[in-house]
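Trainee: Hi! Could you walk me through this one?
Mentor: Happy to. Have a look at it first, then ask away.

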There are 2 protein chains.
Amino acid sequence: MNYISDSVVKRLPGYYRHLHHLETRGVTSISSQELGDIMGLTASQIRQDINRIGATGRQGCGYNVIELKNHIGMVLNITEHHSMVILGAGNIGRAVAQSDSFLTEGFETLAIFDIDEAKIGKEIAGMPVRHLKEIDSFIQENHVDIAVVAVPAQYAQEVTDQLLELGICGFWNFAPIDLKLPRHAASVNVHLTDGLEVLSYHLKHMDD
Amino acid sequence: MNYISDSVVKRLPGYYRHLHHLETRGVTSISSQELGDIMGLTASQIRQDINRIGATGRQGCGYNVIELKNHIGMVLNITEHHSMVILGAGNIGRAVAQSDSFLTEGFETLAIFDIDEAKIGKEIAGMPVRHLKEIDSFIQENHVDIAVVAVPAQYAQEVTDQLLELGICGFWNFAPIDLKLPRHAASVNVHLTDGLEVLSYHLKHMDD
């Protein structure tokens, strides 16, 4: 496939989500203009993005909703099953473990780890919290492709380095630092505060 | 101020965060090229963004890190204090209530509400969980500008409508739906699954 820029990749989950909503509402085809209105993008941007990922519409017919959704799902690689381990059984780790929405999208949490003896053995979403020292054997015995980093900032890089050594290449990072990774690994940072700051902007400039 | 497009606004928290890191490391000035390398943007994009928000560098000297950080903080309106109430004392609500990082940025949680009798009165981050039926009087007696919507999807719009009637205009929405809002209100949606899907893409295309 052609190289797809990060900004396009970041928009793809939004396309997937909106197309899924349209599908559940029984909408079978949609024009770039209509899709743009829903997503807050221009029709031209929509056509560029969709063209970039190698999908096509039919002149005058718009895009087939299900075909386009499936194509984007394939590009995003979410048609495959992903297995995750969660590092840190605090609020974020628990929220991720207990949410159904990740599993629905094919991201299954296999285990949750912590170092706090008070938490070890307690159940979260049906899984006993395991001690971090067990992670080596767990990863050798189970196929894991994503680590959810939900530990305090000062431990995040250390835990990540340990997981890199065990062959994990995907990191979903909730710690407020940028993880240092080798070229063969990837991370996505969740910076929750960023959203609040964007909201703060809109509260001030609502009438612009 | 000039109109700033959504895509620029969304990048501003990243600028703010990286400039803050540079400041704490004692870096006093930075070129658009260096800042671009850190942020994964081109130097030209950096100059355009910064120009768009009315800040300037000095020819040959780059940008003054502290000045630029403060300017972006002003544009984002995060120099002002914001008060939040949290709707929903589940994992997400608790994680937001217990995080220090929002308060550090000036976003203070005043109260947390739920409808589950088993949760009412229990303390989270030093605050007793209040019953949702008390929210009217709470908002009349306290200045609140942001509601954190952390309730199940099927209640999210209903709770939002109730808060709109009480004069709340800012919604930080964790429910996996797009809230319907009047023009005078603003929301930012946290779609956690989007990040996972972007990570899924990168896991597949790491060697591209």
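**Chatting through the model**

Mentor: Let's start with A:Arg17, which sits in helix 1 of chain A, a helix covering residues 6–24. Keep in mind that this is a predicted model.

Trainee: Okay! Is A:Arg17 buried or exposed?
Mentor: A:Arg17 counts as buried, because its relative accessibility is 17% and the cut-off for buried is under 20%.

Trainee: And what does A:Arg17 touch?
Mentor: Leaving aside residues up to four places away in sequence, A:Arg17 touches B:His191 and B:Asp194.

Trainee: How do chain A and chain B relate to each other?
Mentor: A turn of 180° with a shift of 0.0 Å along the axis lays chain A on chain B, and the RMSD is 0.0 Å. The two copies are therefore related as by a two-fold rotation axis.

Trainee: Nice. Which C-alpha of chain A is nearest the axis?
Mentor: That would be the C-alpha of A:Asn91, 3.0 Å from the axis. Both copies also use the same surface, as 100% of the contact residues of chain A recur in chain B.

Trainee: New topic: how many disulfides are there over all chains?
Mentor: A search of the whole structure finds 0.

Trainee: What about B:Cys61 and B:Cys169, how do they count for accessibility?
Mentor: B:Cys61 has 49% relative accessibility, so it counts as partly exposed. B:Cys169 is at 22%, so B:Cys169 counts as partly exposed too.

Trainee: Last one: what are the confidence scores?
Mentor: Chain A has a mean pLDDT of 91, with 98% of its residues at 70 or more. The model scores ipTM 0.89 and pTM 0.82.

Notes
Residues numbered from 1 in each chain as written. Chains lettered and ligands numbered in written order. Predicted model: local features only at pLDDT ≥ 70, side-chain atom pairs only at ≥ 80, totals over all residues. Heavy atoms only, no water. pLDDT = per-residue confidence, 0-100. Disulfide = S-S within 2.5 Å. Buried < 20%, exposed > 50% of the residue type's maximum accessible area, 1.4 Å probe, protein only. Least-squares fit on C-alpha atoms with pLDDT ≥ 70 in both. Contact = heavy atoms within 4.5 Å. Helix = DSSP H or I, 4+ residues; strand = E, 2+ residues; numbered from the N terminus.
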